[in-house]
Each structure stands twice: as structure tokens, then as C-alpha cells.
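Here are some notes to read alongside the structure. Keep the viewer open and look for each residue as its name comes up.

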Amino acid sequence: MNKPQSNAAAAEEFLPKDVQAQLKEVFRPLPHDIPVYLFSRKGEDEAEIQIGRSLMAALQLVSDKIKFKEYDLSHKQAKKWGVDRSPTLVFAPEKYSIKYLGLPLGEEGRTLIETLILIGLGRSQLNDQAGKVMAGINEPRKVRVFVSPSCPYCPQQAVNAVKAAIEKPGLVAVEIVDTNYNADLAERYQAFSVPQTWANEVLIARGAQSQELFVSSLERMEEQTYFIPDSDAPRVEADLVIIGGGPAGLSAGIYAARSGLKTVIVERANLGGQVALTPIVENYPGVKRIAGKDLVDIMAAHALQYVRIFPREPVMEIKPGQPLELVTSLRRFSARALLLATGASHKRLGVTGESRWAGRGVSYCSTCDGPLFKGKKVALVGGGNSAVTEALHLYHLGVVVTLIHRRDALRAQEHLVQDLFDKKIPVLWNTEVKAIRGREKVTGIEIYNNQTKTTETLPVDGLFVSIGYTPEVELAEKIGLELTGDGYIKHDGMHRTNIPGVYSAGDVEGGYKQIVVAAGAGAAAAMTIFEDLTHPYWKEARPPGRP
Ligand SMILES: Cc1cc2nc3c(=O)[nH]c(=O)nc-3n(C[C@H](O)[C@H](O)[C@H](O)COP(=O)(O)OP(=O)(O)OC[C@H]3O[C@@H](n4cnc5c(N)ncnc54)[C@H](O)[C@@H]3O)c2cc1C
């Protein structure tokens, strides 16, 4: 058995001193020890396992409650706890059945920290609504969550599973499967998009879910997309509710709260919107080059200093009026004003096979799913900035990528196009994808050359789609907001919509779809809202030009 390395200098590489100090405070009151065991096979992945070892050593400096031990995979403890893969981390196996197959690095560091905290606490921390659903699960569930270290959404789903295992220790067993180390398992389950969740060998969720939807899917053994909270769900009162935690919503939150408005942000997923999925941002003023996720983490941390944020709570219903009423999957809100900063979501190609192979070779997120295709051949459809950025990202990950564009020139910025050509990434011009073919997973695509009018099959392991975005206007339509001819929310130039007290900001309004533009619109909308709540125009004469 190796002794864990406890070198303070090495530890600082993983956890800067200020983070160590914060974690010390979090771990100090935890009542329980946190045993963690690393199993590995001698001679395999030595360099990475050393990184995992150093990470655990760093965490032991934070709390002496973390009891870390290492075993060879051939050790009898491996058999006892059902470990047969290297590397695997096993957490508190005398109490729970929680394993991490791989090493929780990158985004998965969050899964590791949250798992350690929950075990130290000895409680699942599921919210009331989710706890009630879990109480109804009386049969065993073996849960597998497929994740990758570059996927910002994966920790949410992995931690949902860990919570379920802690809530029902005798019934729920969890394996978080890092696809970087377990490509064969990903292949066997055709888990070519992450996160993806299986229970008792049944696919129960694609993508990250809120706690309530996760446990409902686990209970019913099929994906649930809608959750109605109990009538005793808590109520939150505010001056302003912002729907959407992308740059528009976060910046609006900062401005509104600083004006003195009691403001909350409700976000159906994790904070960050599209930026969290952007590999690299090079055009946000003040920051030369930054990973999208890092940029949005800075924005979110800033917003959190001012506003209460409710992540992973999809807004499902809005009742306009004074006050406005909102229902999420967990609670009810009432507010004097509402800002829709719901952004946009990816467009689908609309070709044969797209739905069938989604998650099994068809992907809309190179940041999340790119690593699963390392060394494999993929096509990426699109011709704008996002498409070229994503093609370059895949190239850097070691994916063999071909860009497919239906025109004879790209619409991306010149320096991106130059980079693409410098890297000699092949481009199929004047080419359209007509169908996606597969057997258990994608095997090829049918492509049509609109100049030569010929069709052929291109063998590929995956297809990434980056052909633009459609505005998220489902809620807006439900409450009768006027839309533009292109389907965006119509506003008066000051972000007021046709319903008094309801405002819009960001990509959902159309125009230039850029982070700085969305953040600016959020700020402007918040200032309008402040003025309107101070002097409600709906109680006064209607200003000219308003829809
Ligand atoms: C791959 C890619 C690369 C990009 N690169 C760049 C770049 O380099 N530079 C640049 O300036 N811009 C870039 N963009 C564009 C930029 O990310 C967007 O313009 C910006 O994120 C828009 O911000 P937003 O807040 O309006 O919307 P979004 O970022 O889309 O955020 C909207 C949020 O609302 C949430 N939401 C929607 N409906 C609900 C609901 N019912 N309940 C609760 N929450 C809800 C969504 O989950 C989402 O988090 C890129 C976009 C992509 C996809």
C-alpha cells in the first residue's frame, strides 16, 4: 500500500491557498470520516494516477477527516467491494456504494469535492420535493452516469446520483463512469454524449437534470421532463425575477440589485448559458483569451455577491399580473417585474436519423462530447464562427475532423478561417448532410454536393452539428408576448415587451449574438426596469413607440 504524498507545495498546484482555506471551513464541521480508496493496476496510467494521488494528498491537507488509501487492483479489497477497473475511486464503502471509474479531474473535480462533503455530512441534501420521490423507491437501482472531464454539465448529474446513493444506501449503488478511462464501457452503452444515465441497464436520462427530475426518472425508470411541485412548495417574493443565468441574466442581476431591487435569477440548468459550452472566448473586452466556462464562472461569482440564484430550476409557468406569479419545478415566485433572458438553443439539422442517433454519435456540444471521439473520424456541419471554433477545438483534442459547409465560403471571422486552413482541416464545400446512418451508433452520413448534384456516403464515427441557434421563446409564447417575424421577442428598444412588467434581454431578442452584447442588454434592461418600477408606466400614459 502506498502512503499518500503530503507535500504542501504539490498540493498548492491543485488548490490555491485561498481555496484550501475556504474548503477547510466547509470540512471542519462535518461529523463523519470520509474514507476514500484508490485502486489501480501497476504500470497503467502511472502519470495520471500520480496526479490523482497528489490531488488526494492536497485534499488531506484540507481535512484530516479524509482517510485516503491506495490498493493494487489485485488486492482482496477490490473483490470485496466489486472493483475490477483501473483506476477506480471507492467512497466510504462500508456505508455506501459509490464508485468513480477513472480520475475526477477537470470539471469532475466538482463531483469529487461535493461527494466528499456529502459523505462527511452523512446526509444526501436532496431538496424536500426530491426527498419525497426518493421515499417511494423500494427496489434496488444500479446507476451508471457517464461523464467526461471537459463537460460542465456532468457534475450536476453525477452529484444527483451520489445524493440518491446516500439517501438510500441499501438500495442505490452508483458508478460514475469517466469515459476518458472507460471508452469500452461508453462503447458498450453507446454513451457518445455526456452526461448519460442508466439504471438497471435502462437509459433513464440524456443530459443533466434537476434533482427532482433525476429522482423521478430513477423512480419511474424512464426519462421525466416535467415535475410539478407540491402545493406546500416554498414561495419567494422579489421585485424582479430574471429567467436565465447566461451573460444577459447575470449582468441584469448585478445592475438590478445594485439599484436596490430585490432580485433573483432562476436558471433551469447550470449557470452560464451558451458561454459555458464555448471552448475559447477571445473577444470579451478586458480578457484576451479565456475558456468560456472560466469567463462565466467569474460573472456568476460576481452576480452571487448581489442576487439570490436558483440554479437547476426550470420555470414552467408564468402568470402575468401585479404581482406576477412564476412556478418552477421546486417553488413559486411572485414579483413586480419579470425579465426573460432565456437565450437560444442549438438548431437541429432536421434530417433522417438525427433523433435516432442523438447521443450515439450525433452531438451538439464539442466541449462536452469532443473527448469521446479522440482519434476517431467525425464531420462537423456549419460555416459560422461557432462551427469553425468547434472544428478547431476538436482538432486540438486529437479528433480527425472534416468541416461540411453548404456554401463555397465560410461566414466566420478571418483569423478563425486562417487558423482552420493553417491546421489543414479539410472542408467539404457546397455540401449538405441529407441523412445519418448507423448500426447501434453512427457509422456514416449521406452527403449531397449541391453543385455537382451527386450524393455519396461519408464514413464517420460522429457528426457534430453547429448550424446556429433558435431563440428560447416557449414561455414568452405561452403568455402571449409579441414576437418578431424571425421569432425573437419584440421589444421597444428599451427591453419592454407588450406585457407591462415583462422585459427581455440578450440572444432571445435577436440582433448580434455575442457575450458582450447580451451582457450590455441585460444591464440596460435592468436600468429600464428600475426606472419603470419607480414610475410604473402602466399606471401612467403609454409612451409612444411602445409595442
Ligand atoms: C459554441 C459557441 C461559441 C460562442 N462563441 C462566442 C464568442 O467567442 N464570443 C461571443 O461574444 N459570443 C460567443 N457565442 C455567443 C454567446 O455565447 C451568446 O451570445 C450569449 O451566451 C447569449 O447570452 P444570453 O444570456 O442572452 O443567453 P444564453 O447564454 O443562451 O443563456 C440563456 C439561459 O437561459 C436559460 N433558460 C432558458 N429557458 C429557461 C427556463 N424556462 N427556465 C430557466 N432557465 C431557462 C438557459 O438554460 C440558459 O442558461 C458563442 C455561442 C456558442 C454556442
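The points below go from the whole chain to single residues.

1. **What you are looking at.** Please keep in mind that this is a predicted model. The protein chain is built from 17 helices and 25 strands. Laid along its principal axes, the box filled by the C-alpha atoms is roughly 80 × 65 × 45 Å.

2. **A check on the overall size.** What radius of gyration would a compact globule of 547 residues have? The expected value is near 24 Å, and the protein chain has 24 Å, so the two agree.

3. **Inside and outside.** Of the 547 residues in the protein chain, 56% are buried. The accessible surface comes to about 23900 Å², and carbon and sulfur atoms account for 50% of that surface.

4. **Who touches whom.** Take the contacts between residues at least 6 apart in sequence: 68% of these contacts join residues at least 24 apart. When you follow the chain in the viewer, watch for places where distant parts of the sequence meet.

5. **Charges.** The protein chain carries 64 positive and 63 negative side chains. The centres of the two sets are 2 Å apart.

6. **Helix 14, its length.** Now find residues 385-396, which form helix 14. How far should its 12 residues span at 1.5 Å a residue? The expected span is 16 Å, and the end C-alpha atoms lie 17 Å apart, so the helix agrees with the rule.

7. **Helix 14, its surroundings.** A run of residues in this helix is buried: Ala387, Val388, Thr389, Glu390, Ala391, Leu392, His393 and Leu394. What covers the buried residues of helix 14? The cover includes three strands you can pick out by number, strand 17 (377-381), strand 18 (400-404) and strand 23 (462-465). It also includes helix 13 (366-369) and helix 15 (414-422).

8. **Helix 14, its end.** His396 belongs to helix 14. Is His396 buried or exposed? Its relative accessibility is 55%, above the 50% cut-off, so His396 counts as exposed. Measuring from C-alpha to C-alpha, His396 is 19 Å from Val275, with their places 121 residues apart in sequence. Just after the helix, Gly398 has a positive phi of about 90 degrees.

9. **A histidine in a loop.** For another histidine, go to His495, in the loop between helix 16 (474-478) and strand 25 (502-504). His495 has a relative accessibility of 8%, so this residue counts as buried. Setting aside neighbours within four places in sequence, the residues in contact with His495 are Val502, Tyr503, Ser504, Ala505, Glu509, Ala521, Ala524 and Ala525. Leu339 is 156 residues from His495 in sequence, yet their C-alpha atoms are 8.9 Å apart.

10. **Two cis peptide bonds.** Which kind of peptide bond, cis or trans, leads from Ser86 to Pro87? This bond is cis, with omega near -10 degrees. Pro87 sits in the loop between helix 4 (76-80) and strand 3 (88-91). The bond from Val194 to Pro195 is also cis, with omega near -5 degrees. Pro195 sits in the loop between helix 8 (183-188) and strand 7 (196-199).

11. **Positive phi without glycine.** Ala92 is not a glycine, but its phi is positive, at about 35 degrees. You will find Ala92 in the loop between strand 3 and strand 4 (97-101). With a relative accessible area of 5%, Ala92 is buried. Gln190, again not a glycine, has a positive phi of about 50 degrees. Its place is in the loop between helix 8 and strand 7. Why does Gln190 count as buried? Its relative accessible area is 16%, and buried means under 20%.

12. **Back into helix 8.** To finish, look at Ala186, which is part of helix 8. Ala186 has a relative accessible area of 3%, so it is buried. Leaving out residues up to four places away in sequence, Ala186 touches Phe146, Thr179, Ala191 and Phe192. The C-alpha atoms of Ala186 and Val147 are 9.5 Å apart, while the two residues are 39 apart along the chain.

Key. Residues are numbered from 1 along each chain as its sequence is written. This is a predicted model: local features need pLDDT of at least 70, side-chain atom pairs count only at pLDDT 80 or more; totals for chains, interfaces and linings use all residues. Side-chain values use heavy atoms; hydrogens and water are left out. Helices (H or I, at least four residues) and strands (E, at least two) are DSSP runs, numbered from the N terminus. The radius of gyration is taken over C-alpha atoms; the globule rule is 2.2 Å times the number of residues to the power 0.38. Buried means under 20% relative accessible area, exposed over 50%, partly exposed in between (1.4 Å probe, protein chains only). Contact means heavy atoms within 4.5 Å. Accessible areas come from the Shrake-Rupley method with a 1.4 Å probe; for residues, only the protein chains shown count as cover. Lys and Arg count as positive and Asp and Glu as negative; His and the chain ends are not counted. The place of a charge is taken as NZ of Lys, CZ of Arg, CG of Asp or CD of Glu. The expected span of a helix is 1.5 Å times one less than its number of residues.
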